[in-house]
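Here is a short briefing to read alongside the model. Let's start with the core and then move out to the surface.

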Amino acid sequence: MDDAREVILGRIRAALTDAPAPVAIPRDYEQTLPAGVDVIGLFVERVDDYRATVRRTTATGLPAAIAAVLAAHGASRIAVPAGVPATWLTVVAAAGVKPVADDPPLGHADLDGLDGVLTGCAAAIAETGTIVLDAGPAQGRRALSLLPDLHICVVRAEQVAGTVPEALARLDPTRPQTWISGPSATSDIELQRVEGVHGPRRLEVIVVEPD
């Protein structure tokens, strides 16, 4: 097997000997938003364009905002990843909703049977209305944000970058990333919009600004 592998790799190397020299990649594209742009306001606008629901609150008002979202969707059981702040769990319990820990990992059927999931995020992008999860604290594994029908995501104002290049500079490229721009949606062959095929039909984003 090793001999065959070396033969194959040798042929590849030989085929690449006359490859053209690498071309320099231009980096003079716009990497930041113009001065004076309301980054948070733009993020809220773009998230809303994707048919997600976005709410602005403060750190003090966050518990009430989470409770309002849970009540609006009639949630009774939601998944919570490791690292979710204790204050969030207190709010969930006080709202009469059972937080279901993903430890040990919940099966696909269990996740599908829950009313939703509550997570944080790694970063967000104002220009595209995107939130990014990388399986860090309060985010959990990818299945948590794909299988439940409702995703409630808390985004701190300082996590919102203006552009994609700015967000990429903040992210660890070695971590698994999930980029979310609005609820899951696709179109069939007749261009009829269908929601919930590849992820949650409902996305609630809570933007937390300083008090």
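The largest nonpolar core holds 21 residues, and Phe43, Ile131, Val155, Val160, Val205 and Val207 have the most contacts inside it. A nonpolar core here is a set of buried Ala, Val, Leu, Ile, Met, Phe, Trp, Tyr and Cys residues joined through side-chain atoms within 4.5 Å; buried means under 20% relative accessible area, exposed over 50%, and partly exposed in between (1.4 Å probe, protein chains only).

This is a predicted model: local features need pLDDT of at least 70, side-chain atom pairs count only at pLDDT 80 or more, and totals for chains, interfaces and linings use all residues. Residues are numbered from 1 along each chain as its sequence is written, and side-chain values use heavy atoms, leaving out hydrogens and water.

**Cores**
- At least two residues of the largest core come from each of α2, β6 (130-133), β7 (150-156) and β12 (202-209); helices (H or I, at least four residues) and strands (E, at least two) are DSSP runs numbered from the N terminus.
- With five residues, α2 supplies the largest share of this core.
- A second, separate core has 20 residues, among them Ala75, Ile78, Val91 and Val97.

**The loop between α1 and α2**
- Alanine 24 sits in the loop between α1 (2-15) and α2 (39-49), and alanine 24 is exposed, at 69% relative accessible area.
- The C-alpha atoms of alanine 24 and aspartate 112 are 47 Å apart, with their positions 88 residues apart along the chain.
- Leucine 16 also lies in the loop between α1 and α2, and leucine 16 is exposed, with a relative accessible area of 55%.
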